Amino acid sequence: MGFLEEVKKIVENENVSESDLDKVVYAFDSSYLEGKTNFIIWPRNVDEIKKIIKIANRERVKITLRGGGTGLVGGAVPENSVVLDLSKMNKILEINTDENYVIVEAGVILDDLNNELENKGLLFPIRPGSHAVCTIGGIIATNAAGINAIKYGKVENWLIELEVVTGNGDLKIVKGDEIKVFCGSEGLYGVITKAKLRLTKSIKKTTISKLALNNYEELMKAIKEFKDKAVALEFIDEMTSSFLGMQPAMYLIAEFEDDSGDIKEKEEIEKIMRIRDGIYAALVSNNYSIITDPQVHVDKLPILLKEIKKMGKPHFGHVGIGLIHVHFKPEEVGETDRLYELVLKLGGKISGEHGIGKLKQKFLSENEKERIMSFKKRYDPNNVFGELEWV
Amino acid sequence: MGIEKCSRCGFCKVNCPIFRVMLSETLSPRGKMILLKKEIMDEVFYICALCKSCEENCPAEIKISEEIKKIREKLIKNKKETEANKKMIENIRKFGNPFGKIEEGKIPRELYCC
Ligand SMILES: Cc1cc2nc3c(=O)[nH]c(=O)nc-3n(C[C@H](O)[C@H](O)[C@H](O)COP(=O)(O)OP(=O)(O)OC[C@H]3O[C@@H](n4cnc5c(N)ncnc54)[C@H](O)[C@@H]3O)c2cc1C
Ligand code: SF4
Ligand code: SF4
């Protein structure tokens, strides 16, 4: 009996597909890559996943894991592999208001979780731009961050415990230091099936300051002034501001969870937030649909920003943590390498939040490669979750 | 805005009633945009309520429901119609309503709809 026949005995018929239409659609995520899949499985529970992975391990079938499919580096794009889509594992299992934690299945959509938590005065505070679409499994696997990373950091800061199915189909409860291995594992070491997440209280107050800047010196001065008080510091360059219909200039929007901001009226705050949240949309509608996420030490920002300006690309970013989103047109994809080389020269990271995926592996250092290979050996020795490009 | 502007961000899935129930990318507006870009014409384009919820969230301002309607027109021209659709049109022609013959005081058992 082949892999597909065995899987059909485990999951219900409607939860496995080899239809041509599904194969076309599931070959994509939000990156510009196109892959190839043989069929798609939607498991309903961890037992099904364990059985599926055990068979895949025995039959040497490759599996690509998928959550909301909003990844920007091709992590969920299959390479002649089977897609395991976690979207149907979408139950919130426990909300504990005494100890402020929640236990969720991996396919829960982030906004669905926060809508539930809001009723109880609680919040999972990491809020990537894709918050309405991305899943808990996806944000853990990419160690995502949001606009408010100055205060809340990355997903790794909010994990208590994970349930994982490794490459040989074994169930593993991950705690302590090992959490950092799976948080950011980008689907390479195992399926994250369940997570226990730390929560914070809902945000009660928001104020904002909006500054027009004449030069990078002013930007650096403002970052220094606000860094310890603000939860988000968003920079917008001239090109992006013109796409947003603003007076073309460099801007810094600082967000506070107390009275520190100059703008305190709800309506005015909402208006500025709408502009800030609409940046990605504005750039996409102007054909700058390829987004990158390099990160440097905050002190290196003036050098990086000057170089990006010379490249003539619209950019914005979470400058409080040194992360800049530089956008490119689809036909300019080749130019991203120049940006990454520059960032590495500045001692920075080629990805501050989106991950490495299939797009950036050639920029990994030897140390990073060794680290990944050692975990691969330990958790997925037969490469069920895909081979590494450089091996 | 045309479908070539679709960046596959997935924002259109958020409030799509079909996607929220079925959880299938292929039935989602993003999936349909992928199929459209590939010039694949299929009856899957009938699985849409034309409610336009997807358009409210689309950063590229693509008129998704208009695109779906255009494909439906092409499908009909190519004689690719769903049985329910054919039956509904036949009922309207014959009985003046999409349900078929309705007996006095009875509620139709089957609802034929696009
Ligand atoms: C418009 C837009 C804005 C974005 N903004 C941000 C941002 O502000 N910050 C940020 O960090 N990212 C951002 N992203 C990138 C992306 O949304 C995040 O990386 C997100 O965490 C991906 O979640 P997902 O559920 O869509 O995962 P997918 O795209 O489905 O998968 C992402 C990776 O995780 C793996 N994976 C998925 N589920 C599991 C699982 N259960 N177990 C193990 N591995 C799994 C996949 O194999 C893949 O490698 C943005 C993307 C878009 C389109
Ligand atoms: S929201 Fe618009 S741009 Fe995004 S995937 Fe849907 S159709 Fe494409
Ligand atoms: S118009 Fe169709 S694709 Fe768009 S949200 Fe409604 S049902 Fe979904």
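**Exercise 1.** Which residues of α10(A) are buried?

*Solution.* This is a predicted model, in which local features need pLDDT of at least 70, side-chain atom pairs count only at pLDDT 80 or more, and totals for chains, interfaces and linings use all residues. Residues are numbered from 1 along each chain as its sequence is written, chains are lettered from A and ligands numbered from 1 in the order in which they are written, and side-chain values use heavy atoms, leaving out hydrogens and water.

Step 1: I269(A), I272(A), M273(A) and R276(A) are the buried residues (under 20% relative accessible area with a 1.4 Å probe, protein chains only). Seen down the axis of α10(A), these buried residues fall within an arc of 105° (taken from the directions from the helix axis to the C-beta atoms), so they line one face of the helix.

Step 2: On the other side of α10(A), E267(A) and R274(A) are exposed (over 50%).

Step 3: The cover over the buried residues, counted by contact (heavy atoms within 4.5 Å), includes β12 (207-213), β13 (232-236), β14 (250-256) and α11 (279-285) of chain A.

**Exercise 2.** State how domain 2 and domain 3 of chain A are placed.

*Solution.* An automatic or database domain assignment divides chain A into domain 1 (3-85), domain 2 (92-202) and domain 3 (207-345). The centres of domain 2 and domain 3 of chain A, taken over C-alpha atoms, are 27 Å apart, and their contact takes seven residues from domain 2 and eleven residues from domain 3.

**Exercise 3.** Describe the surroundings of ligand 2.

*Solution.* The residues around ligand 2 (a heavy atom within 4 Å) include C6(B), C9(B), C12(B) and C58(B), and the shell divides into nine nonpolar, two polar and one charged.

Methods
Ala, Val, Leu, Ile, Met, Phe, Trp, Tyr, Cys and Pro count as nonpolar, Asp, Glu, Lys and Arg as charged, and the others, Gly among them, as polar. Helices (H or I, at least four residues) and strands (E, at least two) are DSSP runs, numbered from the N terminus.
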